[in-house]
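Student: I'd like a close look at the largest pocket in this one, please. Walk me round it, then out into the parts beyond.

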Amino acid sequence: MKAIDLSGFSEKFAADDDPWRTYSDRDEAVKRAAILHALGPGPLGRVLELGSGNGSNSRAIAPRARRLDATDGTAEGTRLTAQAIAPWPRGQASELGLPGRFPRAHYDAIVIAELLYYLPPGAMRQVAAHVARTLHSGGRLILAHHGIDYYDFAQHAAGIQQRFLDLTGACWSVRTVRRRSRWHVLSARRSG
């Protein structure tokens, strides 16, 4: 595997606003519905989305959140996310390379989809520690990732979500929201 970096993601978004067909692919719509189901109907308080990409999930989350901070590591992804959530004034898109400081000190929910295996292990450890510091007790962490490897991952996909939860050092009540042959969506509620 040769890991893609932020410049690689920038190139993808510069060439195509939707390189993975997240707006039009039926499987992506099913995954997005599972993420929304995991979050609950709302209204949600402060929600953080890491790795928003082109904003396809952000656009679906924004109407349920009192405040949405959607972040992406590229200027191109941030621009696309800002366009996607423009109708919701309580949504904000910002550029955030990971690991990096989150926009706010505390969140009620955090969504991480299709991101963790692109992070080197040290960066993932730092992001996990930051999630543990910023997610309120009782808050929800939604993880949606593939279980199979792709050529551009920095880490193997198998078990990535559980490895991330372990790295937080927090106690979680975890449930599988939806599992497909290639991906699954988990909801982890922070306890204690």
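Tutor: First, what counts as a pocket: an open set of grid points with protein on both sides within 12 Å along at least five of seven lines, and its lining residues are those with an atom within 4 Å of a point. Keep in mind, too, that we're looking at a predicted model.

By that rule, the largest pocket holds about 930 Å³ of space. Its lining runs to 44 residues, and the ones nearest the centre are Phe9, Trp20, Ala113, Glu114 and Tyr118. As for elements, two or more lining residues come from each of α1 (6-15), α2 (26-39), β1 (44-50), α3 (56-61) and β2 (65-72). In character the lining is a mix: 21 nonpolar residues, 12 polar and 11 charged.

Now follow the chain through those elements. Start with α1, which also packs against helix α4 (residues 75-84), at an angle of about 45° and with the axes 8 Å apart. At that angle, α1 and α4 are therefore oblique to each other. On the α1 side, the contact uses Ser10, Phe13 and Ala14, while α4 brings Glu76, Gly77 and Leu80. Sort the residues of this contact and you get three nonpolar, two polar and one charged.

Move on into the loop between α1 and α2, and you'll meet Arg21. Have a look at its backbone: phi is positive, about 55°, even though Arg21 isn't a glycine. Next comes the loop between α2 and β1, home to Pro43. The peptide bond leading into Pro43 from Gly42 is cis, with omega near 5°.

There's another bond to check further along. Leu98 and Pro99 are joined by a cis peptide bond too, with omega at about 0°. Look for Pro99 in the loop between β3 (91-95) and β4 (107-113).

Finish with another helix pair, α5 (residues 121-134) and α6 (residues 160-168), whose axes are 8 Å apart at an angle of about 60°. Oblique counts for angles outside the parallel, antiparallel and perpendicular ranges, and the perpendicular one only begins at 65 degrees. So α5 and α6 are oblique to each other. The crossing of α5 past α6 is right-handed. From α5, the contact takes in Met124, Arg125, Val127, Ala128, Val131 and Ala132; from α6 come Ile160, Arg163, Phe164, Leu167 and Thr168. That contact breaks down into eight nonpolar residues, one polar and two charged.

Notes:
Residues are numbered from 1 along each chain as its sequence is written. This is a predicted model: local features need pLDDT of at least 70, side-chain atom pairs count only at pLDDT 80 or more; totals for chains, interfaces and linings use all residues. Side-chain values use heavy atoms; hydrogens and water are left out. On a 1 Å grid over the protein atoms alone, a cavity is a set of points where a 1.4 Å probe fits but cannot get out, and a pocket is an open set with protein on both sides within 12 Å along at least five of seven lines; lining residues have an atom within 4 Å of a point. Grid points are joined across faces, edges and corners, and a volume is the space filled by probe spheres set on the points. Helices (H or I, at least four residues) and strands (E, at least two) are DSSP runs, numbered from the N terminus. Ala, Val, Leu, Ile, Met, Phe, Trp, Tyr, Cys and Pro count as nonpolar, Asp, Glu, Lys and Arg as charged, and the others, Gly among them, as polar. Axes are lines fitted to C-alpha atoms, for helices over the stretch in contact, and angles run from 0 to 180 degrees between N-to-C directions. Angles under 35 degrees count as roughly parallel, over 145 as roughly antiparallel, 65 to 115 as roughly perpendicular and the rest as oblique. A crossing is left-handed if the near helix is turned anticlockwise from the far one by less than a right angle, and right-handed if clockwise. Contact means heavy atoms within 4.5 Å.
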